[in-house]
Amino acid sequence: MKISCHCANISIDAETPENVTDCNCSICSRYHALWGYYPPDIPQISTGSHGTECYTWGDAELEFVRCTKCGCVTHYRTAVGQPDPLIAVNFGMARELVADIPVIYYNGAELL
Ligand SMILES: [Zn+2]
């Protein structure tokens, strides 16, 4: 399926995930994200001329990527050198695409 930020500067092509994760940690709850996880080389991510920005904090293990034009957070990726690299695509941008897919509720607020 194809999913993109609001202005279509960032577009992502990825298979439909088996499930999506709704995490209540401090960052995911603010983004209101629904994450679908992939090996880092699988989603085809293309970025237009407006480019991207990253947000990290703390140990900077994760890089949250957003569009510099419309501001949508499209995905996050593990930083270089982290074990178990992955990319998480934000299906919160297109909830209708994952309406029939199981949602895993992750208690990141307590566990992270
Ligand atoms: Zn955009």
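Which loop holds His-32? His-32 is found in the loop that runs between α1 (26-31) and β4 (35-38). We will come back to this residue after a look at the chain as a whole, which is shown here as a predicted model.

## The chain as a whole

Let us start with the building blocks. The protein chain has 2 helices and 10 strands. Going along the sequence, these follow the pattern β-β-β-α-β-β-β-β-β-β-β-α.

What about the overall dimensions? The C-alpha trace spans about 40 × 35 × 25 Å along its principal axes. A compact globule of 112 residues would have a radius of gyration near 13 Å, and the protein chain agrees because its own value is 13 Å. Of the 112 residues, 25% count as buried. Take the contacts between residues at least 6 apart in sequence: 57% of them join residues at least 24 apart.

## An open sheet of three strands

Now to the strands. An open sheet is formed by 3 strands in the order β1-β2-β5, with antiparallel pairing. Its edge strands are β1 (2-4) and β5 (44-47), each of which pairs on one side only. From one strand to the next, the twist averages 20°.

A helpful piece of background: strands of a sheet pair through backbone hydrogen bonds, and they may do so in a parallel or an antiparallel way. Here, β1 and strand β2 (residues 10-13) run antiparallel and are joined by 3 bridges. You can find one such place by looking for Lys-2, which stands opposite Asp-13 in β2.

## Strands β7, β8 and β9

Further along the chain, β7 and β8 pair in the antiparallel sense over 5 bridges. If you look for Glu-63, you will find that its bridge partner in β8 is Arg-77. β7 and β8 form a hairpin with 5 residues between them. In the turn of this hairpin, Gly-71 has a positive phi of about 85°.

β8 also pairs with β9, again in the antiparallel sense, over 3 bridges. Here Tyr-76 stands opposite Ala-88 in β9.

## The nonpolar core and Trp-35

In soluble globular proteins, nonpolar side chains tend to be buried together. The largest nonpolar core of this model has 20 residues. Which of them touch the most other members? They are Ile-3, Ala-33, Leu-34, Trp-35, Ala-88, Val-89 and Phe-91. The elements giving two or more residues to this core are β2, β3 (20-23), β7 (62-67), β8 and β9.

Trp-35 is a good residue to follow in more detail. Its place is in strand β4. Is Trp-35 buried or exposed? Trp-35 counts as buried because it has 24 C-beta neighbours inside 10 Å, and the cut-off for a buried residue is 20 or more. Leaving aside neighbours within four places in sequence, Trp-35 is in contact with Val-20, Thr-21, Cys-23, Ala-88 and Asn-90. Ala-88 has thus come up in two settings: it is in contact with Trp-35, and Tyr-76 stands opposite it in β9.

Trp-35 can also be paired with Ile-104, which is 69 residues away in sequence. In space, the two are 9.5 Å apart, C-alpha to C-alpha.

## Three residues in loops

Back to His-32, and to two other loop residues. His-32 has a positive phi of about 55° although it is not a glycine. Asp-84 likewise has a positive phi of about 55° and is not a glycine. Asp-84 lies in the loop between β8 (73-78) and β9 (87-90), while Asp-41 has its place in the loop between β4 and β5.

Why do these residues count as exposed? The cut-off for an exposed residue is 12 or fewer other C-beta atoms within 10 Å, and the table gives the number for each residue.

| Residue | Other C-beta atoms within 10 Å | Class |
|---|---|---|
| His-32 | 12 C-beta atoms | exposed |
| Asp-84 | 7 C-beta atoms | exposed |
| Asp-41 | 8 C-beta atoms | exposed |

Asp-41 has one further link to trace in the model. Asp-41 and Leu-86 are 45 residues apart along the chain, and their C-alpha atoms are separated by 8.3 Å.

Definitions and conventions: Residues numbered from 1 in each chain as written. Predicted model: local features only at pLDDT ≥ 70, side-chain atom pairs only at ≥ 80, totals over all residues. Helix = DSSP H or I, 4+ residues; strand = E, 2+ residues; numbered from the N terminus. Rg over C-alpha atoms; globule rule 2.2 N^0.38 Å. Contact = placed C-beta atoms within 7 Å. Pairing = 2+ DSSP bridges. Axes fitted to C-alpha atoms, helices over the stretch in contact; angles between N-to-C directions. Core = buried A, V, L, I, M, F, W, Y, C linked by C-beta atoms within 7 Å.
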